[in-house]
Amino acid sequence: MSVDSVFRTRSLGVASVGLPDQYADGKAAKVWQLYIGDTRSRTEEYKSWVVSLLKQHGVQRILDVACGTGVDSIMLVEEGFKMTSVDASDKMLKYALKERWERRKEHAFDQWVIEEANWLTLTEDVQKPGNGFDAVICLGNSFAHLPDFKGDQSDQKLALQNIASMVRPGGILIIDHRNYDYILETGRAPQGKNIYYKSDLTQDITTSVLWVDNKPHMITLDYTVQVPEGPQSSPELSKFRLSYYPHRIDNFKEILTGAFHGKCEHSVYGDFKTYTPGQSQAPCYFIHVVKKTA
Ligand SMILES: C[S@@+](CC[C@H](N)C(=O)[O-])C[C@H]1O[C@@H](n2cnc3c(N)ncnc32)[C@H](O)[C@@H]1O
């Protein structure tokens, strides 16, 4: 059964043919740039955590499989990594392409590769260098955008296998999701500032959980964000809806390591700190780091 036959997963006006691009009306893409705040002032904790992890693993060449407007990729291009950045949404990529164009005189930006690609067809969409990238990243709660179309997680397993196949032996995958275990237990997200983005926008987020066959099938967030306008006009309220698959940490670990056929070392962080199950402070995000061992 298709998810859309149960519940409308996107803002009105966003087409549903093929893989739903939840950003296709351009509304969320526009607000996203404001929502994530200034790309140059990422939270320092995030930047230093990810850059030192990449350096520890001797990473040079990175594939960002959910680059969106380019926020993570821009930071990593600036840090001297060789980036290939892909995303399924041309409305999101538009912002990344604009930044590359504006900074094309900087050699690192001139070398930045940006392409449209879908995780379900990644092996056809992306040219793999030799036996793979040193690191693949999928951050900002992106993977949870992929619904469970068939009810058996087969699309998510295929997408993870395709993503894993892009990592060279000895390389790493960094992939995250929100703490859906907490959201499902309490009906709300853990308190705390977003660990990735800095934004001063006033926002209200309503959370709804859709259950199908007694299983949590989808979490829908309705965002109402106050967007500042120019000096003449008044602020405008922007509303958009995004839906996510609520990955539980244990199940996600299982399908993730399965995508590497078990030939990997897996570790998990809660908001960039080593995670211990049952710890008193519930993290907002879980970040999985998988090293391909063969
Ligand atoms: C929440 S945005 C995050 C983007 C960026 N990493 C950030 O932190 O701002 C999620 C991105 O995942 C992309 N995405 C969702 N499903 C995808 C798929 N099947 N293949 C490729 N990209 C996909 C969306 O188009 C969107 O740009």
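Q: Which exposed residues does the face of H4 turned away from its buried side carry?

A: That face of H4 carries Trp101 and Glu102, where exposed means over 50% relative accessible area, buried under 20% and partly exposed in between, with a 1.4 Å probe and protein chains only. This is a predicted model, in which local features need pLDDT of at least 70 and side-chain atom pairs count only at pLDDT 80 or more, while totals for chains, interfaces and linings use all residues. Residues are numbered from 1 along each chain as its sequence is written, and side-chain values use heavy atoms, with hydrogens and water left out.

Q: Where do the buried residues of H4 lie around its axis?

A: An α-helix has 3.6 residues a turn, so residues three or four places apart point the same way. Here the buried residues of H4 are Met92, Leu93, Ala96 and Glu99. They span an arc of only 115 degrees around the axis (taken from the directions from the helix axis to the C-beta atoms), which places them on the same side of H4. Helices (H or I, at least four residues) and strands (E, at least two) are DSSP runs, numbered from the N terminus.

Q: Is helix H3 largely enclosed or open, and why?

A: Helix H3, residues 71-78, is largely enclosed by the rest of the structure, because 7 of its 8 residues are buried. Those residues are Val71, Asp72, Ser73, Ile74, Met75, Leu76 and Val77, and what covers them includes helices H2, H4 and H5 together with strands S1, S2 and S4. Just after H3, glycine 80 adopts a positive phi of about 95 degrees.

Q: Which members of the largest nonpolar core touch the most other members?

A: A nonpolar core is a set of buried Ala, Val, Leu, Ile, Met, Phe, Trp, Tyr and Cys residues joined through side-chain atoms within 4.5 Å. The largest one has 29 residues, of which Trp49, Leu54, Ile62, Leu76 and Ile174 touch the most other members. Its largest share, 6 residues, comes from H2.

Q: How is the pair of tyrosine 46 and phenylalanine 272 arranged, and what does it link?

A: A pair of aromatic rings is described by the distance of the centres and the angle of the planes. Rings of Phe, Tyr and Trp (its six-membered ring) pair if their centres lie within 6.5 Å, planes under 30 degrees apart counting as stacked, over 60 as edge-to-face and the rest as tilted. The structure holds 7 aromatic pairs. In this one, the centres are 5.6 Å apart and the planes at 20 degrees, so tyrosine 46 and phenylalanine 272 are stacked. The pair links distant parts of the chain, 226 residues apart, with tyrosine 46 in helix H2 and phenylalanine 272 in the loop between strands S9 and S10.

Methods. Contact = heavy atoms within 4.5 Å.
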